[in-house]
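Me: Please take a close look at the surroundings of the ligand for me. Then follow the chain outwards and tell me which local details deserve a look on screen.

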Amino acid sequence: MSESALPANPYGLKNDRFIRALLREPIDCTPIWIMRQAGRYLPEYRATRAKAGSFMDLCRSAELACEVTLQPLERFDLDAAILFSDILTIPDAMGLGLTFTTGEGPVFARPLRSRHAIEQLPIPDPEIELRYVMDAVGTIRKALDGRVPLIGFSGSPWTLATYMVEGGSTKEFAHIKGLMYSDPASAHLLLDKLSTAVTDYLNAQVRRGAQTLMIFDTWGGVLSPDKYREFSLAYMQKIVNGLIRTHEGARIPVILFTKGGGQWAVDMADTGADGIGVDWTADMSQIRQQVGHRIALQGNLDPSVLYAPDAVIEQEVARVLHTFGHGTGHVFNLGHGIHQHVNPDKVATLVNAVHRLSRPYHQA
Ligand code: CP3
């Protein structure tokens with residue numbers, strides 16, 4: 001029985017498997033989409049990115065962002081589209097000055113290093129400073145024309161704070177963890193501001209046409225259990241509480257993804273989200289035992305499987321499908337983003353294997 005009184009597909013979607021799986025309604029086979037499905041492993045993405053100039057220029061053009069969002073759907077039988085943008089648009093809109101340098105990843109010109117800087121941070125208005133993202137959402141939703149649902153997204157407050165305080169990517173988390181342990185009040189002030197900014201941003205995406213929301217907590221897994229609950233999960237909970245959950249007669253499912261967060265699946269399910277993303281270090285059969293039927297699971301193939309021969313990919317797909325088992329409530333995905341050196345033909349093998357091999361799991 002559906003937990004929502006609303007129909008899963010009031011939009012007249014041509015393919016609603018993804019939404020139905022998230023709402024635990026019956027489906028014919030397991031839906032699949034791929035984190036970073038629009039990205040550098042696709043030659044056509046690299047061509048559009050070159051045309052745009054820089055990665056941020058690509059994000060700032062609604063037409064080009066729409067073009068790259070649709071590219072993987074042209075090649076593969078995917079069951080969802082994801083907005084082409086980045087999680088770091090919010091810190092950029094807060095004035096930190098984001099650039100992406102080849103080889104180095106994201107860099108902020110003005111990382112946050114003082115209480116004063118945190119106090120001064122503005123909360124962006126998504127329809128003003130982040131209007132380019134909202135325009136991309138609207139353009140993509142229209143271009144999709146009901147083909148598959150559109151996923152909107154944001155980073156989690158903890159993950160955004162990590163980049164903002166470090167000034168870019170890190171392996172040690174020295175500054176952000178230093179702040180958390182030595183000045184927890186300032187860390188909480190920052191996370192609280194980010195929760196407001198993320199809630200506003202996601203709700204604006206829903207108003208512009210996003211049909212599912214996903215929160216990427218890429219770095220929650222570097223925390224100890226008590227600190228995860230206090231500095232990451234508590235703020236995702238706050239966001240979930242503030243999100244628009246139904247829009248124009250449709251339920252808007254929310255997915256939380258903490259990379260490395262398999263051990264906290266029950267706590268994540270308790271937030272009231274509709275789905276949890278699971279990476280490949282966790283066993284989905286154990287997680288399903290813990291959370292039961294109250295929440296959908298998304299995952300969890302190791303992205304490196306895509307370097308293997310087709311027969312191995314099919315074997316691993318079969319294994320992941322088996323770990324989830326029978327019935328609805330599974331959205332197939334990689335456990336993290338697709339690598340840039342993967343051969344696109346491998347993605348076709350993966351997508352077709354998921355659809356074909358999952359059918360027996362959906363027969364009564
Ligand atoms: O999934 C999709 O297809 C949608 C687009 C998307 C991008 N980034 C595009 C992108 C999404 C959902 C993200 C989320 C994102 N961005 C996360 C969370 C998910 C995760 O991977 O853990 C994080 C941590 C970021 C921050 C980020 N953006 C980094 C660290 C980098 C540089 C490293 C890298 O992988 O290149 C980016 C750049 C980025 N974001 C690229 C793409 C396609 C590559 C940029 C390029 O074209 O050069």
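Reply: Happy to. The helices and strands named below are DSSP runs, numbered from the N terminus, with at least four residues (H or I) for a helix and at least two (E) for a strand. By that naming, aspartate 77 lies in the loop between helix H4 (62–75) and strand E1 (81–82), and we will come back to it. This is a predicted model, in which local features need pLDDT of at least 70 and side-chain atom pairs count only at pLDDT 80 or more, while totals for chains, interfaces and linings use all residues. Residues are numbered from 1 along each chain as its sequence is written, and side-chain values use heavy atoms, without hydrogens and water.

Let us begin at the ligand. There are 23 residues around the ligand (a residue belongs if one of its heavy atoms lies within 4 Å). Those that come nearest are Arg36, Arg40, Tyr45, Arg49 and His336. To place this shell in the fold, look at helix H2 (43–52) and strand E3 (105–108), each of which supplies at least two residues of the shell.

Three atom pairs are good places to zoom in. An oxygen atom of the ligand sits 2.6 Å from a side-chain N or O atom of histidine 336. A ligand nitrogen is 2.7 Å from an N or O atom in the side chain of aspartate 86. At alanine 38 the partner is in the backbone: one of its polar backbone atoms is 3.3 Å from an oxygen atom of the ligand. As for cover, the ligand taken alone exposes 870 Å², and the protein buries 89% of that (areas by the Shrake-Rupley method with a 1.4 Å probe; for residues, only the protein chains shown count as cover).

From there, move to the start of the chain. Asparagine 15 is placed in the segment before helix H1 (17–22). A polar atom of the asparagine 15 side chain lies 3.1 Å from the backbone nitrogen of arginine 17. Asparagine 15 has a relative accessible area of 14%, so it counts as buried (buried is under 20%, exposed over 50%, partly exposed in between, with a 1.4 Å probe and protein chains only).

Now back to aspartate 77, in the loop that follows helix H4 and leads to strand E1. Its relative accessible area is 45%, and therefore aspartate 77 is partly exposed. Its C-alpha is 17 Å from that of arginine 20, with their positions 57 residues apart in sequence.

The cysteines come next. The structure holds 0 disulfides (pairs of cysteine sulfur atoms within 2.5 Å). For cysteine 59, the nearest cysteine sulfur is that of cysteine 66, 13 Å away. Seen from cysteine 66, the nearest cysteine sulfur is that of cysteine 59, at the 13 Å just given. Cysteine 59 is buried at 2% relative accessibility, and cysteine 66 is buried at 7%.

Helix H5 (residues 89–96) is mostly covered, with 7 of its 8 residues buried. The buried ones are Thr89, Ile90, Pro91, Asp92, Ala93, Met94 and Leu96. Just past the end of H5, glycine 97 takes a positive phi of about 75°. Then comes helix H7, where tyrosine 132 is found. Tyrosine 132 counts as buried because its relative accessibility is 13%. The C-alpha atoms of tyrosine 132 and leucine 98 are 15 Å apart, and the two residues are 34 apart in sequence.

Finally, some backbone geometry. Most residues other than glycine have a negative phi, and most peptide bonds are trans. Against that background, aspartate 145 has a positive phi of about 50° without being a glycine. The place to find aspartate 145 is the loop between helix H7 (131–144) and strand E4 (150–155), and at 53% relative accessibility it counts as exposed.

Glutamate 248 also has a positive phi, of about 45°, and is not a glycine. This residue sits in the loop that links strand E6 (246–247) to strand E7 (250–251). Its relative accessibility is 69%, so glutamate 248 counts as exposed.

The last stop is a peptide bond: glycine 299 and asparagine 300 are joined in cis, with omega about -10°. Asparagine 300 belongs to strand E10 (residues 296–301).

Methods: A polar contact is a pair of N or O atoms within 3.5 Å; within protein, one must be able to donate a hydrogen and the other to accept it, and residues adjacent in sequence count only if both atoms are side-chain atoms.
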